[in-house]
Number of protein chains: 2
Amino acid sequence: MNLPDLASIRAAHERILPYIHRTPVMTSASINEMAGCSIFFKCENFQKVGAFKARGAMNAILKLTPEERSKGVATHSSGNHAQALARAAKILGVPSYIVMPRTAPEIKKRGVRAYGGEIFECEPNLAARESTLADVVRRTGATEIHPFNNEDVMEGQATCAKELFEEVAHLDFLLAPVGGGGLLSGTALAAKYFSPGTVVIAGEPAGSDDAYRSLKSGKIEPAQSDTIADGLLTTLGTKTFPVIRDLVKDIITVTDEEIVNAMRIIWERLKIIVEPSCAVPFAAVLKEKSRFAGKRVGIILSGGNVDLERAAKLFSGTKA
Amino acid sequence: MNLPDLASIRAAHERILPYIHRTPVMTSASINEMAGCSIFFKCENFQKVGAFKARGAMNAILKLTPEERSKGVATHSSGNHAQALARAAKILGVPSYIVMPRTAPEIKKRGVRAYGGEIFECEPNLAARESTLADVVRRTGATEIHPFNNEDVMEGQATCAKELFEEVAHLDFLLAPVGGGGLLSGTALAAKYFSPGTVVIAGEPAGSDDAYRSLKSGKIEPAQSDTIADGLLTTLGTKTFPVIRDLVKDIITVTDEEIVNAMRIIWERLKIIVEPSCAVPFAAVLKEKSRFAGKRVGIILSGGNVDLERAAKLFSGTKA
């Protein structure tokens, strides 16, 4: 395994900067008062395609050889990675092939097509996704860019925390959500190299707490999927798990109710749109206030792609 | 009348800067493509208390004498000005007395109380508001700070456009919403002094188009109130109208349907929360695309204080 290091994360950042946003860091006096600590929100909901995924996908394609690029890239994803890969590919003139379950929301498919991605539909299960992807790769010669279990993707995601460290000094903690672990492993590596005094912690939905259980057991545990945080349903990868095991201090799990409450506070106080998965680390801070009391806490807000009607339904199930 | 000029707007900006946010300017490639012009959104939804009103209220109190401050400030408002005045007063150790209709939403009252404002409830009509306010002023000796018909408030609101001109050069157009005209008159004065080549245009709800009619007739016309843009229901003031008449090129009216559509695009593409009134100028640009085609267009996003359940109802097509 060829893990990202200080020099390679720096190089990745220079490589992708012309194609991504250096996203803003937001603070809120009323949120700090409520949480009892100083929180610095790194707003990847303002990133291209509305999520940090733009970083890793762009880095991975930029590192391909011209010959590899000419044959295209492929992935299976129904989430933000699909759009991120299609966008990066389009900008660089590379064909992209996206395998999606036929049940994926039409808006996600439209998003991929708008970036020129070619969609291959399959049955909504992992075996069908993998066999369809293998078939596409065999026929086209495209390079598979996995959403998270890929060193170049992890390296690209690491640039997000790097930017935050450059803007905000002396963070005691940095929190990110964990699904497959691409963002979390990149964040942990960035902390190791750029801010070794910062403790990295993940937030995870209690209804899909496989990373939490994996840290406890010392091996990759399978995911369940009983949570509204639909970006965090995946199991850790063989490349992300060892990094997380070695560099992430702890994982805090939160209920869906806590996630919706945190999401609502972010919408109302910061006046920004974040998706449920994105609110998980802030929910974790609110849940364990005493641990963070008086500290300087970075939180990566991972993305803002949420259907407004769906969000409204989530909010209407909570106490106003 | 003692209208703000170049020097006084500069002085106001220096005066209030320690107490307000210099708000960011956002752009979106997909919105520019959709609108056919380059739009620069000045994000006052991120301002303290969630709206530009923080500027004018702070400027007005800072200009009071110590003796005036000791007796407090008073206003009648159920909107953003109430919170803005209470907040500015609290920071400066000044008592604040806010007259609100007893029917005002509880959340608005809580907001004012959280800033230490003392609320005086009255019947929900203008006569009751004015007589209650007069009574409060008589009993306390407080200085009335009108939400918009006040030169110091207009001067404070002018600092918003000044910031935008400092950050974005060569704007062909600058749009603001118009209710009582505090923001619009301040914006027009800022353009006159800091960017005379910029044409100032207002957006106004068709269901409350009194400013539009006032511009046509040459005198202040009464407001109606049949629109979801509840921050823009007021009639122009005797101090704001002459400035608007002389310096604002045009007013574009938009329907509630156009307002909701514009608001949804801002939420979905910029990933930020804006209130219905705030979406009116962007709706105006989308309505008259040919007029703005290829131009550099500034838009002041005035505020982000919207009840999430209400917004959800607007998006789902039901009248909230």
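This report covers the chain pairing, one sheet and one helix of a predicted model.

Local features need pLDDT of at least 70, side-chain atom pairs count only at pLDDT 80 or more, and totals for chains, interfaces and linings use all residues. Residues are numbered from 1 along each chain as its sequence is written, while chains are lettered from A and ligands numbered from 1 in the order in which they are written.

**Two copies.** Chain A superposes on chain B by a rotation of 180 degrees, with 0.0 Å of shift along the axis and an RMSD of 0.0 Å. The fit is by least squares on C-alpha atoms of residues with pLDDT of at least 70 in both copies. The copies are thus related as by a two-fold rotation axis. In chain A, the C-alpha nearest that axis belongs to I272(A), at 2.1 Å.

**Sheet in chain B.** Six strands form an open sheet with mixed pairing, in the order β1-β2-β10-β7-β8-β9. Strands are DSSP runs (E, at least two residues) and helices are runs of H or I (at least four), numbered from the N terminus. Two strands pair if DSSP finds at least two bridges between them.

| Strand (chain B) | Residues | Role |
|---|---|---|
| β1 | 25-26 | edge strand |
| β9 | 250-254 | edge strand |

Each edge strand pairs on one side only. Five bridges join β8(B), residues 199-205, to β9(B), and the two run parallel. E204(B) has T253(B) as its bridge partner in β9(B).

**Helix α15(B).** This helix spans residues 308-315, with A311(B), A312(B) and L314(B) buried. Buried means 20 or more other C-beta atoms, placed from the backbone, within 10 Å of a residue's own. Just after the helix, G317(B) takes a positive phi of about 95 degrees.

How values were computed. Buried ≥ 20, exposed ≤ 12 C-beta atoms within 10 Å, placed from the backbone.
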